[in-house]
Amino acid sequence: MNEDQSGGGTRSFRLHNSNIPARPLEPALYLVATPIGNLGDITLRALETLAGADVLACEDTRVTRVLLDRYGIQNRPYAYHEYNADEAGPRLLQALEGGRSVALVSDAGTPLVSDPGYRLAVQAIEAGYKVVPIPGASAPLAALVGSGLPNDAFFFAGFLPAKDKGKRDRLAELAGIPATLIFFESPHRIAATLASAADVLGAERPAAVCRELTKTFEEFRRGTLAELAAFYREVDNVKGEIVWLVGPPAESVTAEADIDAILADLAGTMPTAKAAAEAARLTGLPRKELYQRLLDMKERHG
């Protein structure tokens, strides 16, 4: 990383067989969003930044090279990822200190979103260097606008814990947020995760599973959490990258007496855990909170 544009590449990019010169960039760390699947989802500003940066850092040089070759960009990418951050990070900061421009990309989407680039950005900001976002493709936003779920307020929660208890505890923490929840999940865990979500958040809560966004086999599957859990329970080999979403809870019952009445009524006909889950569906309150409330009620009344 000691030389600008290593390899002597021309600062330009290609569009429809025309080479377009890239203007010089001021010294800064540029966080460049790249396509999440379809390589056509790149902005002109992003192309110019990738071509014009003195140093180009990425998660996987092989992945980024495909994008660069598509648009005739000769800039040489350097690897920056969680396994070499201790070594590569200081070199990138040194480049900034030397007055050079540094562009950072992830394998897909917007850098810093569930991505090791966050660490570099914080270090650059703390050192007083300019940080410039170059917006573009984002899997959470693409999933949100295609899901059919409310988008006036949303909460991106990334990946849930892999173990079931941790997963359920985190879902319980998020249950009452008055916004659409957005998650990432691996295909081999999506069925179990949806089943846990249906139990904790309520079986009838609206949801969507978005798979392979912008790619050839893009798929949106919408329904209640119970319906989606049942569907994926029967699918043997789910493939592709997944974003899944849960709509906001129904308006909560605010009166304390009403909540107690609902719990008492349900507890008269079903076990405590099931009563709490049903009350969560009816009120939009977290199942874990209602379960403890019901236990307290039973203790008070013998």
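Tutor: A nonpolar core is a set of buried Ala, Val, Leu, Ile, Met, Phe, Trp, Tyr and Cys residues joined through side-chain atoms within 4.5 Å. The model discussed here is predicted.

Student: What makes Leu 171 and Trp 244 members of the largest nonpolar core?

Tutor: Leu and Trp are among the residue types that the definition admits, and membership also requires burial and a side-chain link within 4.5 Å. The largest core has 24 residues, and those touching the most other members are Leu 171, Phe 183, Leu 194, Leu 201, Leu 225, Trp 244 and Val 246. At least two residues each come from helix H6 (164-174), E9, helix H7 (190-201), strand E10 (206-211), helix H8 (225-233) and E12. The greatest contribution, 6 residues, is that of H7.

Student: Why is the set that includes Ile 42 and Tyr 71 called a second core?

Tutor: A core consists of residues joined through side-chain atoms. The set with Ile 42, Ala 53, Cys 58 and Tyr 71 among its 21 residues is separate, and therefore counts as a core of its own.

Student: What makes Trp 244 a contact of Leu 225?

Tutor: Contact requires heavy atoms within 4.5 Å, and Trp 244 is listed as a contact of Leu 225, so the two have heavy atoms within that distance. Beyond its neighbours within four places in sequence, Leu 225 also contacts Leu 194, Ala 197, Ala 198, Leu 201, Gly 202, Ala 203, Arg 205, Ala 207 and Val 246.

Student: How do you know what share of the chain is buried?

Tutor: A residue is buried when its relative accessible area is under 20%. Of the 302 residues, 46% count as buried. The chain exposes about 15100 Å², of which carbon and sulfur atoms supply 51%.

Student: Why is the space of about 590 Å³ called a pocket?

Tutor: A pocket is an open set of points, whereas a probe in a cavity cannot get out. The largest pocket has that volume. Its lining comprises 27 residues, with Ala 108, Val 113, Ala 139, Phe 184 and Glu 241 closest to the centre. Helix H5 (139-147), strand E9 (180-185) and strand E12 (242-246) each give two or more lining residues.

Student: What makes Gly 37 polar in the lining of the second largest pocket?

Tutor: The classification places Gly among the polar residues, so Gly 37 is counted there. This lining has 7 nonpolar, 4 polar and 1 charged residues. Asp is classed as charged, and Asp 107 lines this pocket, so Asp 107 is charged. Helix H2 (residues 61-70) gives the most to this lining, with 4 residues.

Conventions:
Residues numbered from 1 in each chain as written. Predicted model: local features only at pLDDT ≥ 70, side-chain atom pairs only at ≥ 80, totals over all residues. Heavy atoms only, no water. 1 Å grid on protein atoms, 1.4 Å probe; cavity = no way out; pocket = protein on both sides within 12 Å on 5 of 7 lines; lining within 4 Å. Points joined across faces, edges and corners; volume = space filled by probe spheres on them. Buried < 20%, exposed > 50% of the residue type's maximum accessible area, 1.4 Å probe, protein only. Areas by Shrake-Rupley, 256 points an atom, 1.4 Å probe, with all protein chains shown as cover.
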